[in-house]
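Let's take a walk through this fold together, going from single residues out to helix pairs and cores. Keep the viewer open as you read.

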Amino acid sequence: MTTPPALLIAGHGTRDDAGAEAFRAFVRELGRRRPDLPVAGGFIELSPPPLGEAVAELVARGVRRFAAVPLMLVSAGHAKGDIPAALAREKERHPGVSYTYGRPLGPHPALLRVLERRLAEAVDPSWDPAEVTVLLVGRGSTDPDANAEVFKAARLLWEGRGYAGVETAFVSLAAPDVPSGLDRCARLGARRIVVLPYFLFTGILPDRVRTQVEEWAAAHPDAEVRSAGVIGPEPELLDLVLERYEEAVKGDLRMNCDSCVYRIALPGFEDKVGLPQQPHFHPDDDGHHHHGHGHTHSHSHAH
């Protein structure tokens with residue numbers, strides 16, 4: 001019987017110890033779910049273990065083929081650039097190793113069900129959904145395609161669930177920010193608002209969302225505002241990662257390139273078409289900027 005490729009999970013990274021441990025525990029649970037697969041996981045930045053160490057661990061276990069799945073909700077710089085660059089580097093470091101690259105998680109129906117549960121946990125049971133406005137808060141990116149995916153998730157969450165509306169905001173790098181998003185909800189007449197972080201695990205940025213919500217609520221006592229929890233290591237998330245793994249192994253990838261700034265000249269981003277990329281670091285995870293990462297690579301969708 002042919003041995004299936006190993007599973008490599010690629011994460012963002014965070015300086016929040018609990019968030020990093022949640023990722024590592026999630027990887028361990030994936031391994032328990034699929035004892036037939038070697039499973040390892042690593043981070044692009046900020047947290048141990050780095051992705052290269054996770055690849056080295058697989059190679060030490062005799063792995064020659066693996067499928068890499070980005071544990072990310074949207075296709076931003078990490079999924080489009082940093083992870084492919086890191087994987088290409090590891091292939092050079094470990095001659096004879098081959099890999100396929102899966103797609104990010106996206107607003108999958110299973111994750112929308114989890115988001116709906118998080119909303120239900122946050123609201124008063126007596127509240128009518130038709131009186132509840134949801135503010136979905138994403139990470140935020142300099143990539144318009146990635147930000148648009150958060151708006152898509154908000155629309156899909158609104159469809160058929162009876163909420164008064166689902167608005168969108170970002171905690172970093174993109175507008176509207178959280179206070180502006182809450183202002184918009186209030187101007188639209190919302191009196192009951194649930195802020196829903198579009199994040200997989202706890203961390204610096206979800207904590208920042210909650211703090212900003214508390215500050216806004218204190219300044220707007222007439223509005224009833226609740227904060228929901230992050231998605232977390234739910235069974236649906238485990239199932240979806242394994243679904244992305246199977247797609248990658250079978251070559252059944254459906255990555256959407258129609259609005260990628262590296263392929264299409266979008267207004268204001270024309271200079272990015274075909275541009276070699278610098279692996280970058282998210283400036284708001286820990287409040288520090290990172291320098292000295294000078295290796296470049298060309299962006300490719302030929303996963």
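Val150 has a relative accessible area of 4%, so this residue counts as buried, the cut-off being under 20%. The model you are looking at is a predicted one. Val150 belongs to helix H5, which covers residues 144-158. What surrounds Val150 once its neighbours within four places in sequence are left aside? The contacts are Val74, Leu136, Gly138, Thr168, Phe170 and Tyr198. For one of these, Leu136, there is also a backbone distance to check: its C-alpha atom is separated from that of Val150 by 8.0 Å, with the two positions 14 residues apart along the chain.

Now step back to the whole chain for a moment. The protein chain holds 8 helices and 8 strands. Of its 303 residues, 51% count as buried. If you count contacts with a separation of 6 or more, 75% of them link residues 24 or more positions apart.

Leu238 gives you a concrete case of such a long-range link. Leu238 sits in helix H8 and is buried, with a relative accessible area of 5%. Its C-alpha atom is 6.7 Å from that of Leu30, although the two are 208 residues apart along the chain. Leaving aside neighbours within four places in sequence, Leu238 touches Phe26, Glu29, Leu30, Arg33 and Pro233.

Next, the nonpolar cores. In soluble globular proteins, nonpolar side chains tend to be buried together. The largest nonpolar core here has 51 residues, and those touching the most other members are Leu7, Ile9, Leu30, Leu71, Leu105 and Val241. Helix H8, residues 235-250, contributes the most to this core, with 7 residues. Try centring your view on Leu105: beyond its neighbours within four places in sequence, Leu105 contacts Pro70, Leu71, Met72, Leu73, Leu111, Leu200, Leu237, Leu240, Val241 and Arg244. Another core, of 19 residues, lies apart from the largest one and includes Val63, Phe66, Met72 and Leu87.

From here we can turn to how helices pack. Two packed helices are described by the angle between their axes and the distance between the axes. Helix H2 (residues 51-60) packs against H3 at an angle of about 40°, and their axes are 10 Å apart. That angle makes H2 oblique to H3, and the crossing is right-handed. On the H2 side, Leu51, Gly52 and Val55 meet Ile83, Ala86, Leu87 and Glu90 of H3. Sorted by class, this contact has 5 nonpolar, 1 polar and 1 charged residues.

Is Glu90 buried or exposed? At 4% relative accessibility, Glu90 counts as buried. Glu90 lies in helix H3, residues 77-93, and beyond its neighbours within four places in sequence its contacts are Gly52 and Val55.

A second helix pair rounds off the tour. Helix H6 (residues 178-187) and helix H7 (residues 204-219) pack at about 45°, with their axes 9 Å apart. H6 is therefore oblique to H7, and H6 passes H7 in a right-handed crossing. Val178, Pro179, Leu182, Asp183 and Ala186 of H6 meet Gln212, Val213 and Trp216 of H7. By class, the residues in this contact are 6 nonpolar, 1 polar and 1 charged.

Note on methods: Residues numbered from 1 in each chain as written. Predicted model: local features only at pLDDT ≥ 70, side-chain atom pairs only at ≥ 80, totals over all residues. Heavy atoms only, no water. Axes fitted to C-alpha atoms, helices over the stretch in contact; angles between N-to-C directions. Helix = DSSP H or I, 4+ residues; strand = E, 2+ residues; numbered from the N terminus. Parallel < 35°, antiparallel > 145°, perpendicular 65-115°, else oblique. Left-handed = near helix turned anticlockwise from the far one by under 90°. Contact = heavy atoms within 4.5 Å. Nonpolar A, V, L, I, M, F, W, Y, C, P; charged D, E, K, R; others polar. Core = buried A, V, L, I, M, F, W, Y, C linked by side-chain atoms within 4.5 Å. Buried < 20%, exposed > 50% of the residue type's maximum accessible area, 1.4 Å probe, protein only.
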